[in-house]
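Visitor: I have the sequence and the model in front of me, and I would like to go through them slowly. Please explain each term when it first comes up.

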Amino acid sequence: MNRKQFRQRIRQSLANEPLQIALDANAERRVKGRVAAFASLPDWRERRQKAHAIRAEVIERLDSYLEQFIHNATQNGITVHRAKDADEAIQILLKIVKDESFVSLRDLRGKELLIAKSKSMVSEEINLNRALEAEGMRVVETDLGEYIVQLRNERPSHIITPAVHLRRHEVGQLFHEKLGVPYTEDIPTLTNIARKVLREVFLTADVGISGVNFGIAETGGICIVTNEGNGRMVTTLPPVHIALMGMERLVRDFGDLAIMLSLLPRSATGQKLSVYTQIIHKPLDGQQRHIILLDNGRSHVRNSPLKESLYCIRCGACLNACPVFREIGGHAYDSVYPGPIGSVISAGLFGSEFVPLAQASSLCGACKEACPVDIDLPKLLTRVRAGLASDAQHATSLSPFSAFFLKTYARLATHPRLFALSQKFAALGTFLLSPFDDHVRLPAFTGWGYGRDLPRFAWRTFGERYAGKQADERTDKQVDRYPSRQEDSSVMATATPPPQSEINKVERFIEELTKVNGQVVRATEKELTGRVVEFLRSRNINRIHLEPNVLDEESLRGTGITVSREANAAIRVGVTRALCGLADSGSVLEADGEGGRLYASLLTEIHIAVLRASDIYPSLENALHLTRGTKSAVFITGPSRTGDIEMSHTIGVHGPGEVVVFLAA
Ligand code: SF4
């Protein structure tokens with residue numbers, strides 16, 4: 001895309017009123033959510049620096065960590081493939097899904113192969129859906145936002161909220177036309193429609209494809225974080241799971257992972273933990289698990305001035321913070337990766353065609369400030385602008401206008417008198433362009449400043465002010481007026497909750513679970529079965545999926561309740577014993593095991609987790625080791641949820657809509 005085409009797309013976005021409304025709402029809520037979430041992390045600054053160091057170390061010694069990861073994952077029974085580019089990744093994937101033994105195993109000859117996909121930016125990067133569909137396969141996106149954009153035959157417009165550019169009436173009309181349902185603008189109804197359609201896909205899919213948030217070199221495991229439950233479905237139900245992973249997405253060990261997970265969901269969606277934080281180490285019984293590690297230009301970027309862009313953990317915070325992205329949205333960039341980080345990695349991975357994207361930045365620094373791994377995005381953006389993309393042979397030269405501007409600036413900057421004079425003109429210019437002046441109460445000549453953050457130049461030089469002349473207060477007010485940055489700093493600086501050790505873990509657990517719409521019932525071990533029966537009766541439920549040795553089954557039968565151990569989507573309640581709870585997030589840990597434990601917490605409408613108070617840990621970093629040795633484990637933080645339609649918080653998407661913890665003292 002050349003500069004002219006990019007400008008044209010920008011103009012179209014700015015003229016699109018519904019898009020402007022949708023973008024404003026998204027940015028505001030995301031930024032507020034992020035600020036609130038970081039308020040519960042008093043040492044966030046240290047964690048951010050640690051995260052930066054972790055990513056720097058991994059990228060520096062990537063070959064050795066990759067070797068360790070591949071070795072350990074293979075030992076765990078996962079088949080790991082390496083793909084140098086998009087074509088190779090697609091060929092590997094096709095080979096897996098066309099494997100003869102698998103086809104005969106599933107008796108699929110003559111049938112359309114059904115692939116259920118959860119969100120994966122790597123799959124977008126290699127244009128996977130088109131390649132699979134060209135082979136006659138049916139691919140269904142199962143993340144609500146991705147499903148919506150797939151039905152519209154569009155690309156995601158944001159790396160976290162793919163349908164951020166749409167409003168509810170557009171989704172209502174889309175579902176009416178494509179799914180034949182009555183038109184509605186009610187978001188819970190729309191979500192429920194998608195749940196019903198996609199439930200069928202999960203239960204019949206032959207292959208599940210997911211992305212990967214982090215690979216853990218020390219254990220060979222992968223971590224996937226989602227909110228809706230579709231990530232769990234596609235990695236658990238189909239007989240084949242294929243995880244697509246950018247080769248740079250590694251951490252060294254659980255310690256690193258804990259740091260990353262304390263930052264990623266807070267930055268992405270304003271949550272302490274996503275609803276489902278999965279740690280997968282092995283295939284489930286009867287399942288094939290594959291990981292495809294994609295290079296596709298990453299090695300090249302690693303040896304380029306854009307290396308730091310590989311530290312990115314795809315949280316999307318820089319997009320939400322960027323004043324340009326907030327105005328033009330993701331589609332204007334015409335790249336899989338939009339926004340500040342997208343402008344850098346698109347140029348780095350895909351070449352000089354994407355260099356003009358870096359012009360869409362005011363270099364205000366909001367992106368760097370928002371980044372949980374402290375990537376110096378303004379520096380990288382200026383490098384891309386200067387033609388320092390990894391694709392050096394396509395390096396761009398300066399436009400005649402830029403060359404003229406820089407020459408003029410150099411002349412001014414090297415002559416003190418000329419420079420001082422230019423500052424006076426600049427002060428006048430910014431005064432006229434800004435919308436309103438607090439003191440003089442003059443309307444601006446243009447409305448330009450209404451939509452942009454234009455810092456005003458000082459009316460007097462620093463020397464003049466230092467010498468005691470009266471400072472111009474108006475200037476001071478205008479200089480630092482980027483609201484989210486001020487808000488960020490003040491909230492983050494003042495938030496100092498009491499140390500963990502002083503807090504009663506049980507009370508904290510209850511408080512946190514309640515905040516994320518979970519419920520807690522307290523009981524003694526002896527009372528447990530009776531209390532669960534009371535709950536079931538209150539809901540008119542007489543059949544449950546129960547993990548062995550959790551409740552007194554004889555008593556249950558005596559009350560007329562039927563117990564099943566099978567994964568069955570028709571059963572409304574699943575009862576498990578949680579391996580542990582987390583006090584600082586209200587999460588419970590479930591893992592594979594006897595009696596279909598994972599399914600009981602996934603397929604049902606209501607998940608009942610029995611938890612011993614003594615099994616509550618302070619936080620995730622204390623409990624990650626419990627996932628070692630499991631095939632698949634998941635920290636569940638409240639009921640499944642989405643914010644994919646107009647950022648409206650909707651409970652109960654693909655996973656259970658209720659999580660009830662019976663807390664045994
Ligand atoms: S660059 Fe930073 S803020 Fe932007 S998506 Fe990556 S990790 Fe998040």
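The questions and answers below take up the sheets, the ligand and some single residues in turn.

Visitor: Before we start, what pLDDT must side-chain atom pairs have in order to count?

Guide: Residues are numbered from 1 along each chain as its sequence is written, and side-chain values use heavy atoms, with hydrogens and water left out. This is a predicted model, in which totals for chains, interfaces and linings use all residues, whereas local features need pLDDT of at least 70 and side-chain atom pairs count only at pLDDT 80 or more.

Visitor: By how many degrees, on average, are neighbouring strands turned against each other in the sheet that has the order β1-β10-β7-β4-β2-β3?

Guide: This is an open sheet of six strands with parallel pairing; strands (E, at least two residues) and helices (H or I, at least four) are DSSP runs numbered from the N terminus, and two strands pair if DSSP finds at least two bridges between them. Its edges are β1 (79-83) and β3, each of which has a single partner strand, so one side of each is left without a neighbour in the sheet. If direction is ignored, and axes are taken as lines fitted to C-alpha atoms (for helices over the stretch in contact, with angles from 0 to 180 degrees between N-to-C directions), the average turn between neighbouring strands of this sheet is 20°.

Visitor: Which residue of β4 stands opposite Ala116?

Guide: Ala116 belongs to strand β2 (residues 114-117), where Leu114 and Ala116 point one way, Ile115 and Lys117 point the other way, and all are buried, a word that means under 20% relative accessible area, while exposed means over 50% and partly exposed lies in between (1.4 Å probe, protein chains only). Towards strand β3 (residues 138-141), β2 pairs in the parallel sense over four bridges, and there the bridge partner of Ala116 is Val140. Towards strand β4 (residues 207-210), three bridges join strands that run parallel. In β4, the residue opposite Ile115 is Val207, and the residue opposite Ala116 is Gly208.

Visitor: Which residue of β17 stands opposite Val573?

Guide: Another open sheet of six strands has the order β11-β22-β17-β14-β12-β13, with parallel pairing. At its edges stand β11 (519-523) and β13 (562-564), and since each has a single partner strand, one side of each is left without a neighbour in the sheet. Within this sheet, five bridges join the parallel strands β14 (residues 573-577) and β17 (residues 606-612). Opposite Val573 in β17 stands Ile606.

Visitor: How many bridges link β6 to strand β9?

Guide: All six residues of strand β6 (residues 221-226) are buried, so it is largely enclosed by the rest of the structure. On one side, strand β5 (residues 214-216) pairs with β6 in the antiparallel sense over three bridges, and these two strands form a hairpin with four residues between them, where Gly220 in the turn has a positive phi of about 75°. With strand β9 (residues 276-280), β6 also pairs in the antiparallel sense, Ile222 standing opposite Ile280, and the number of bridges is five.

Visitor: How many residues of the shell around the ligand are nonpolar?

Guide: The ligand is surrounded by 13 residues, the closest being Cys312, Cys315, Gly316, Cys318 and Cys371, where near means that a heavy atom of the residue lies within 4 Å. With Ala, Val, Leu, Ile, Met, Phe, Trp, Tyr, Cys and Pro counted as nonpolar, Asp, Glu, Lys and Arg as charged, and the others, Gly among them, as polar, the shell has one charged residue, one polar residue and, as nonpolar residues, eleven.

Visitor: Is Arg314 buried or exposed?

Guide: Arg314 is found in the loop between α14 (298-302) and α15 (317-321), and its phi is near 55°, a positive value in a residue other than glycine. Because its relative accessible area is 11%, Arg314 counts as buried.

Visitor: And is Asn549 buried or exposed?

Guide: Asn549 lies in the loop between β12 (543-546) and α27 (553-558), and its phi, near 60°, is again a positive value in a residue other than glycine. Because its relative accessibility is 67%, Asn549 counts as exposed.

Visitor: What distance separates the C-alpha atoms of Ala27 and Pro323?

Guide: Ala27 has its place in helix α2 (residues 17-38), and at 4% relative accessibility it counts as buried. Although Ala27 and Pro323 are 296 residues apart along the chain, their C-alpha atoms are separated by 9.3 Å.
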